[in-house]
There are 2 protein chains.
Amino acid sequence: MQNELTERKNKLVERLGIFCENEDNMAPLEARIFATLIITGKGGITFEKLVKDLNASKSTICTHLNTLQASGRVSYFTKPGDRKRYFNVTPNRLLQVMNEMLDKWNKQYDIHSEIIEYKKEANSQNTIVGDEFELQFHEKYLLFLEEVSNAVKKLKKNIAEL
Amino acid sequence: MQNELTERKNKLVERLGIFCENEDNMAPLEARIFATLIITGKGGITFEKLVKDLNASKSTICTHLNTLQASGRVSYFTKPGDRKRYFNVTPNRLLQVMNEMLDKWNKQYDIHSEIIEYKKEANSQNTIVGDEFELQFHEKYLLFLEEVSNAVKKLKKNIAEL
DNA sequence: GTATTAGTTCGGTTTTTCCCGAACTAATAC
DNA sequence: GTATTAGTTCGGGAAAAACCGAACTAATAC
């Protein structure tokens, strides 16, 4: 019974780990740590248990926990009379996820804006008819980025109130 | 004059390249290729010009062009009486971007759903009061994924008609 | 058919990433 | 203070990623 649950947990850590590796550019063990923290939840998990559960060295766990904390994804708390740290996912993680999305889209917006500027300038200097840069793709892209950003900004408010 | 524009283009390729490297998991040169294609636009660019412009080996360009095509991001066309291939970004790239977003969110949805299942089961077996898993984070996350997915699905329709 | 050039394949090298172990520091329990 | 254990640092090694060059194939121009 207990084994079946643990097995299920491990499978989930692995699955979520691979996802984080692929989509969030995490190192394999870093992804497993983060996945473990997500699945462990608020209660947190100690350094030494991570070392055991993930079968990794202390140094690796230490390094990754630090980068995860530096990126704001992970925090820890302590219990009085217990010097261990209990690591968990930063409380307002969902808000963070939304902000990360917005950041990424903003960066893209800036780049495509600059590309448009560049292409306009190039077109104005170009003399060969029919050889101009088209701007539609970039303009549509900007439009899309605005819209999807707005949608997430709205969700930020709504979900905060939930 | 021409130099100034070329300089600007190179800067943009570099900037967009780094973005693709970081956010889209591309290899450095792969990212530069893709960036070049985006900035070159519909007219496309030949294999040999990529080799020259990016100062890379034919083999590397070849390999990356193939993976980029395999992932559906890049296509090519030919001109009659010219055996070179002209590579460019796949025409409906924006639609593709939206689909990639939806895919990613779907994957996350599935994983978090399974985590919820797991935690419910664990809670039902748990006897220690106050030691249950909380589900709010995951439930909010699912809600958010649904909403943002819906927003993008709407945009898919609207922007297609644009 | 032949020459030429576009593009591919594959083995190998360089570079980077990832992780570990051992020695170390820091904190607290006693 | 001293012992113990939590956590860190750093040098190095293994593994993976990225790129290249040389030899090759394929296509077309002539």
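I'll start with one helix. The buried residues of α2(B) are B:Glu30, B:Ala31, B:Arg32, B:Ile33, B:Phe34, B:Ala35, B:Thr36, B:Leu37, B:Ile38, B:Ile39 and B:Thr40. That makes 11 of the 13 residues of this helix, so α2(B) is largely enclosed by the rest of the structure. Before going further: what you see above is a predicted model.

Staying with α2(B), its 13 residues reach 18 Å from the first C-alpha to the last, and 18 Å is also what one expects at 1.5 Å a residue. Directly after α2(B) comes B:Gly41, which has a positive phi of about 85°.

Now for chain A as a whole. How many helices and strands does chain A have? There are six helices and three strands. Along the sequence the order is α-α-β-α-α-β-β-α-α. Chain A has a radius of gyration of 22 Å, while the globule rule gives 15 Å for 162 residues, so chain A is more spread out than a compact globule. The C-alpha trace of chain A spans about 75 × 35 × 30 Å along its principal axes. As for burial, 25% of the 162 residues of chain A count as buried. Among the contacts in chain A with a separation of 6 or more, 49% are between residues 24 or more positions apart.

Next, the two protein chains together. Chain A can be laid on chain B by a turn of 180° and a shift of 0.0 Å along the axis, with an RMSD of 0.0 Å. The two copies are therefore related as by a two-fold rotation axis. Both copies use the same surface, and 100% of the contact residues of chain A recur in chain B.

How many residues does each chain put into the contact? Chain A gives 38 residues and chain B gives 38 residues. On the side of chain A that touches chain B, the elements that give two or more residues are α1 (2-24), α5 (93-125) and α6 (136-160) of chain A. By class, that side of chain A has 22 nonpolar, three polar and 13 charged residues.

Now the DNA, beginning with strand D. There are 24 residues around DNA strand D, and those that come nearest are A:Phe47, A:Ser59, A:Arg85, B:Pro28 and B:Ser59. Which elements supply at least two residues each to the surface near DNA strand D? From chain A they are α3 (47-54), α4 (58-70) and β3 (82-89), and from chain B they are α2 (28-40), α4 (58-70) and β3 (82-89). The helix we started with, α2 of chain B, is thus one of them. The largest share comes from α4(A), with six residues. Sorted by class, the surface near DNA strand D has seven nonpolar, eight polar and nine charged residues.

Then strand C. Around DNA strand C there are 23 residues, of which A:Ser59, A:Thr60, B:Phe47, B:Ser59 and B:Arg85 come nearest. Here chain A supplies at least two residues from each of α2 (28-40) and α4, and chain B does so from each of α3 (47-54), α4 and β3. The element that gives the most to the surface near DNA strand C is α4(B), with six residues. This surface divides into seven nonpolar, eight polar and eight charged residues.

A few single residues to finish. Most residues other than glycine have a negative phi. Two asparagines here have a positive one. A:Asn25 has a phi near 55° and sits in the loop between α1 and α2 of chain A. Because 14 other C-beta atoms lie within 10 Å of A:Asn25, it is partly exposed. B:Asn55 also has a phi near 55°, and its place is the loop between α3 and α4 of chain B. B:Asn55 has 9 other C-beta atoms within 10 Å, so it is exposed.

The last residue is B:Ala70, in helix α4 of chain B. Is B:Ala70 buried or exposed? It has 9 C-beta neighbours inside 10 Å, and an exposed residue is one with 12 or fewer, so B:Ala70 counts as exposed. From the C-alpha atom of B:Ala70 to that of B:Met98, 28 residues apart along the chain, the separation is 18 Å.

Notes
Residues are numbered from 1 along each chain as its sequence is written. Chains are lettered from A and ligands numbered from 1 in the order in which they are written. This is a predicted model: local features need pLDDT of at least 70, side-chain atom pairs count only at pLDDT 80 or more; totals for chains, interfaces and linings use all residues. A residue is near a molecule or strand if its C-beta atom, placed from the backbone, lies within 6 Å of it. Helices (H or I, at least four residues) and strands (E, at least two) are DSSP runs, numbered from the N terminus. Ala, Val, Leu, Ile, Met, Phe, Trp, Tyr, Cys and Pro count as nonpolar, Asp, Glu, Lys and Arg as charged, and the others, Gly among them, as polar. Two residues are in contact if their C-beta atoms, placed from the backbone, lie within 7 Å. The expected span of a helix is 1.5 Å times one less than its number of residues. A residue is buried if 20 or more other C-beta atoms lie within 10 Å of its own, exposed if 12 or fewer, and partly exposed in between; C-beta atoms are placed from the backbone. The radius of gyration is taken over C-alpha atoms; the globule rule is 2.2 Å times the number of residues to the power 0.38. Copies are superposed by least squares on the C-alpha atoms of residues with pLDDT of at least 70 in both.
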